[in-house]
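Subject: Structure for you to look through

Dear colleague,

I am passing on the structure we spoke about, and below it I have written out what was found in it. Please keep the view open while you read, so that you can look up each residue as it is named.

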Amino acid sequence: LGREVASSPVFWTPCKGELPLEDGGGTASGRPSKGSGPPQQRQSAGASSRKGASASLRRSNTKQVSPFADPTMAPLTKSSLEFAAWCVSKYKHLVCLWCELDSERKMLLPKSEFIKGMRELQYEGDLEQLWGILDRDASGSISFLEFCPEDALELAQFKSWVSDRFGTATAALGEMDRDGDGYVSFSEFSAFCKRHGYPSHLERSFEILYQVIAAQGASSEENRLTERELGYIDAWDPPRFLFVRPDHQAKMRFKSIVLSRYRRNPILAWRHALNKDSSMRVSYEDFLAQCAALASRGILDPEESVETLTAVYCSLDSKRCGWFGLEDWDTFGYRLLCDFTIWAKAEFGSVRHFVRNFEEEGLGMSLDDFRLNTKSLGLEQEETAALHEALRSDAGSVKTDRVFQWDVKFLDEWDPEKEKRDTIVWESIGSQRMLVEVKRIISDANMESMYGSSFHAMHHALKK
């Protein structure tokens with residue numbers, strides 16, 4: 001989110017590009033980071049089609065991809081730009097739009113309520129595509145955090161700070177409103193924060209924070225704080241992980257402990273210790289539940305505090321989106337599984353068809369069969385063994401040495417390339433920088449009057 005890391009855990013904000021690093025320039029599995037660059041060229045007959053199928057994902061693995069420069073992302077980019085332009089021209093801020101949609105102040109919108117509200121507000125864009133971008137966890141609802149990620153972090157920090165000092169935000173109204181007129185101007189708000197010790201490194205966010213809170217009263221043309229807007233902050237129960245600073249060292253210790261129980265195989269550990277439902281995503285609640293299960297089995301210390309585990313989670317969920325994936329857990333394992341999944345789908349139509357083509361009379365694929373029929377991937381023997389071991393559904397109890405069609409069903413439901421594209425677009429929608437840029441473009445080109453044909457001009461300007 002492009003801000004400094006604070007010394008206090010309560011006021012931590014992730015820096016741009018801040019990601020947990022593996023020890024020694026390698027992976028936690030002990031292998032060197034050979035997957036950090038583009039994988040080696042494969043020499044099989046099917047290598048060219050697999051290379052084409054995975055090209056955009058490979059580029060995103062090695063450098064930051066601009067969503068405006070990738071032609072495969074044009075529909076998603078257009079949808080996000082149209083939404084941003086409409087939001088800016090009509091509501092000026094994402095929070096103002098949220099308040100219009102979330103009339104009951106639940107801080108949560110189901111899909112039906114979101115689409116109905118947007119239609120009532122006369123939004124003419126592709127709502128299904130927009131919903132697919134916003135509902136990143138596919139839960140059927142979006143939270144305030146998913147809709148306004150940067151604003152949610154600002155509000156969470158302020159809520160924690162003001163609650164510690166005054167109990168609630170509304171209780172601080174008297175201290176804010178020095179002239180007693182019932183409204184809090186920006187100068188009064190800024191003076192209040194400085195007077196009561198709001199962290200000095202966050203002073204530059206005062207104006208943004210004031211706009212965010214004042215935007216709760218979307219009907220107020222003067223955009224001033226009142227008891228109503230502060231009450232909205234009090235009613236919000238933000239997730240715990242927004243208040244905790246990530247502990248990367250604790251994450252590395254946690255990872256080392258878990259990997260030691262799963263034969264140093266990061267994909268195996270992911271599937272059997274963290275992501276048992278094979279959804280390829282682990283939410284904060286799921287993470288704590290799995291940690292409790294690991295503690296009950298003697299893998300983790302049962303006395304480990306929730307605060308420490310939350311700090312571990314924050315290190316894994318570096319974007320604060322409410323869940324983390326295999327790439328956040330282990331980049332080596334992620335790229336290995338991505339390579340295999342994209343290759344199998346490109347060559348055989350699905351991963352299940354790959355297994356069906358080469359299994360012995362419906363009895364699954366042995367390691368030798370698997371290794372023989374994935375030669376065109378150019379994997380090393382230990383990589384093939386690790387992948388085969390991780391795909392066996394009961395590999396944790398070592399009851400079989402074969403991979404069956406049902407073992408790989410979750411890979412057919414997983415689309416890593418779409419997941420990567422959606423992440424980039426979601427980040428652009430939630431970014432204040434994008435909204436500011438859209439405002440500038442609209443102002444410079446006077447584009448309010450020609451919104452319908454504004455996409456290409458915005459596309460080129462943002463691409464620059």
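Lys 420 is buried, with a relative accessible area of 15%, and I begin there since its charged side chain has a partner. The side chain of Lys 420 meets that of Glu 327 in a salt bridge, with 2.9 Å from N to O. Lys 420 sits in helix 23 (residues 416-430) and Glu 327 in helix 17 (residues 326-329), and the pair links distant parts of the chain, 93 residues apart. Glu 327, for its part, is partly exposed, with a relative accessible area of 25%. Please bear in mind throughout that this is a predicted model.

The chain as a whole

The protein chain has 25 helices and four strands, and of its 464 residues 52% count as buried. The accessible surface of the chain comes to about 20,800 Å², and 49% of that belongs to carbon and sulfur atoms. Among the contacts in the chain with a separation of 6 or more, 66% are accounted for by residues 24 or more positions apart.

Other salt bridges

In general, side chains of opposite charge can pair when their charged atoms come close. For this model the count comes to ten salt bridges, and a few of them are worth finding in the view. One is formed by Arg 352 and Asp 412, whose side chains meet with 2.9 Å from N to O. Arg 352 lies in helix 19 and Asp 412 in helix 22 (residues 409-413), so this pair ties together parts that are 60 residues apart in sequence. Of these two, Arg 352 is partly exposed, with a relative accessible area of 34%, whereas Asp 412 is buried, with a relative accessible area of 19%.

Another salt bridge joins Glu 128 and Lys 111, whose closest N and O atoms are 2.9 Å apart. Here too the pair links distant parts of the chain, with Glu 128 in helix 6 and Lys 111 in helix 5 (residues 111-120), 17 residues apart. Glu 128 is partly exposed, with a relative accessible area of 47%, and Lys 111 is also partly exposed, with a relative accessible area of 29%. Elsewhere, Glu 175, Arg 178 and Arg 195 are linked in a network of salt bridges.

A buried charge without a salt bridge

Which side chain of opposite charge is nearest to the buried Glu 359, and how far away is it? The nearest one is that of Arg 356, which is 6.8 Å away, and Glu 359 has no salt bridge. Since a salt bridge needs the nitrogen and the oxygen to be within 4 Å, the distance of 6.8 Å to Arg 356 does not qualify. Glu 359 is found in the loop between helix 19 (351-358) and helix 20 (367-373), and its side chain does have polar partners there: a polar contact with the side chain of Gln 405, at 2.9 Å, and a polar atom that lies 3.2 Å from the backbone nitrogen of Gly 364. Leaving out residues up to four places away in sequence, Glu 359 touches Gly 364, Met 365 and Gln 405.

Two helices and their buried residues

Helix 6 (residues 127-134) has Leu 127, Leu 130, Trp 131, Ile 133 and Leu 134 as buried residues. Seen down the axis of the helix, these buried residues fall within an arc of 160°, so they line one face of helix 6. At the start of helix 6, a side-chain oxygen of Asp 126 reaches to within 3.2 Å of the backbone nitrogen of Glu 128.

Helix 4 (residues 94-101) is mostly covered, with seven of its eight residues buried. Those buried residues are Leu 94, Val 95, Cys 96, Leu 97, Trp 98, Cys 99 and Leu 101.

A last residue to look up

Ile 257 lies in helix 13 (residues 248-260) and is partly exposed, with a relative accessible area of 37%. Setting aside its neighbours within four places in sequence, Ile 257 is in contact with Ile 299 and Leu 300. Ile 257 and Ile 299 are 42 residues apart in sequence, and their C-alpha atoms are 7.3 Å apart in space.

With best wishes

Technical notes
Residues numbered from 1 in each chain as written. Predicted model: local features only at pLDDT ≥ 70, side-chain atom pairs only at ≥ 80, totals over all residues. Heavy atoms only, no water. Buried < 20%, exposed > 50% of the residue type's maximum accessible area, 1.4 Å probe, protein only. Lys, Arg positive; Asp, Glu negative; His and termini not counted. Polar contact = N/O pair within 3.5 Å; in protein donor to acceptor, adjacent residues only side chain to side chain. Contact = heavy atoms within 4.5 Å. Arc of directions from axis to C-beta. Areas by Shrake-Rupley, 256 points an atom, 1.4 Å probe, with all protein chains shown as cover.
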